[in-house]
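Welcome, and thank you for taking a look at this structure with me. Let us walk through it one step at a time.

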Amino acid sequence: QVQLVESGGGLVQPGGSLRLSCVASGFTMDYYPIAWFRQAPGKEREGVSCIASTTEYAHFVGGRFTISRGNAKNTVFLQMNSLKPEDTAVYYCAKGRLDRCSMDPADFASWGQGTQVTVSS
C-alpha cells in the first residue's frame with residue numbers, strides 16, 4: 001500500500017528556515033517523480049517543487065527552496081529558507097503518475113496528509 005508521510009512543519013518567523021521531510025512506503029521513490037504542493041486557506045493547491053531526473057520549482061520560490069532526495073531510501077526533503085508570511089500553507093508531498101516532473105496536481109496519484117507551515121512574527 002502506497003503511503004506518504006510529511007513532517008517538519010511548524011511556526012517560524014519571517015526570514016527563517018524549515019526542512020520538510022516526506023517518507024514513503026509501498027513503492028520506491030527513486031522510480032517516480034515526487035513533488036511538494038501547498039494549499040493556503042481559500043486558495044487552490046499549487047505546485048512548489050518536483051524532483052525526477054531533473055528538479056523544477058514554482059516561480060514564487062525564487063531560489064529560496066531546495067528539493068532533494070535523502071541518503072536514506074525513500075525520503076525526499078524540501079529545504080525552505082528566507083520564508084515569507086505568504087508561504088504559510090499546508091504542504092503536501094505526492095507521487096507522480098508520469099515519468100517526468102509536473103506542477104499539476106492531476107498528474108499525481110498519491111498524497112500525504114500534509115504538514116502545516118506557518119510564517120509569522
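A good place to begin is a pair of strands: strand 4 and strand 9 run antiparallel and are joined by 6 bridges. To find one point along this pairing, look for Q39, whose bridge partner in strand 9 is V90. Please keep in mind along the way that this is a predicted model.

Let us stay with strand 9 for a while. Strand 9 also pairs with strand 11, residues 115-119, in the antiparallel sense and over 3 bridges. There, Y91 has T115 of strand 11 as its bridge partner. Strand 10, residues 108-111, is antiparallel to strand 9 as well, and 3 bridges join the two. Here the residues to look for are G96 and its bridge partner in strand 10, F108.

How much of strand 9 is buried? The count is 7 of its 8 residues, so the strand is largely enclosed by the rest of the structure.

Now let us turn to F108, which has its place in strand 10. Is F108 buried or exposed? Its relative accessible area is 3%, and because anything under 20% counts as buried, F108 is buried. Leaving aside residues up to four places away in sequence, F108 touches P33, I34, A35, F37, C50, A94, K95, G96, R97 and S102. V61 offers another reference point: it is 47 residues from F108 in sequence, and the two C-alpha atoms are 20 Å apart in space.

With that picture in mind, we can look at the nonpolar interior. The largest nonpolar core has 27 residues, and those with the most contacts inside it are M29, W36, V48, L78, M80 and Y91. Several strands build this core: strand 3, strand 4, strand 5, strand 7, strand 8, strand 9 and strand 11 each supply at least two residues. The largest share, 4 residues, comes from strand 3. There is also a second, separate core of 6 residues, and our buried friend F108 belongs to it, along with A35, C50 and A94.

Next come the charged residues. Side chains of opposite charge can pair when their charged atoms come close. How many salt bridges does the structure hold? There are 5 of them.

One salt bridge brings together the side chains of R69 and D30, with a distance of 3.9 Å from N to O. R69 lies in strand 7 and D30 in the loop between strand 3 and strand 4, so this pair ties together parts that are 39 residues apart in sequence. R69 counts as partly exposed at 25% relative accessibility, and D30 also counts as partly exposed, at 43%.

Another salt bridge joins R64 and D87, whose closest N and O atoms are 2.7 Å apart. R64 is found in the loop between strand 6 and strand 7, and D87 in the loop between strand 8 and strand 9, so parts that are 23 residues apart in sequence are tied together by this pair. Are R64 and D87 buried or exposed? Both are buried. R64 and D87 also belong to a network of salt bridges that links them with R38 and E46.

Our last stop is the salt bridge between D99 and R100, where the closest N and O atoms are 4.0 Å apart. Of this pair, D99 counts as exposed, at 69% relative accessibility.

Key: Residues numbered from 1 in each chain as written. Predicted model: local features only at pLDDT ≥ 70, side-chain atom pairs only at ≥ 80, totals over all residues. Heavy atoms only, no water. Buried < 20%, exposed > 50% of the residue type's maximum accessible area, 1.4 Å probe, protein only. Pairing = 2+ DSSP bridges. Contact = heavy atoms within 4.5 Å. Core = buried A, V, L, I, M, F, W, Y, C linked by side-chain atoms within 4.5 Å.
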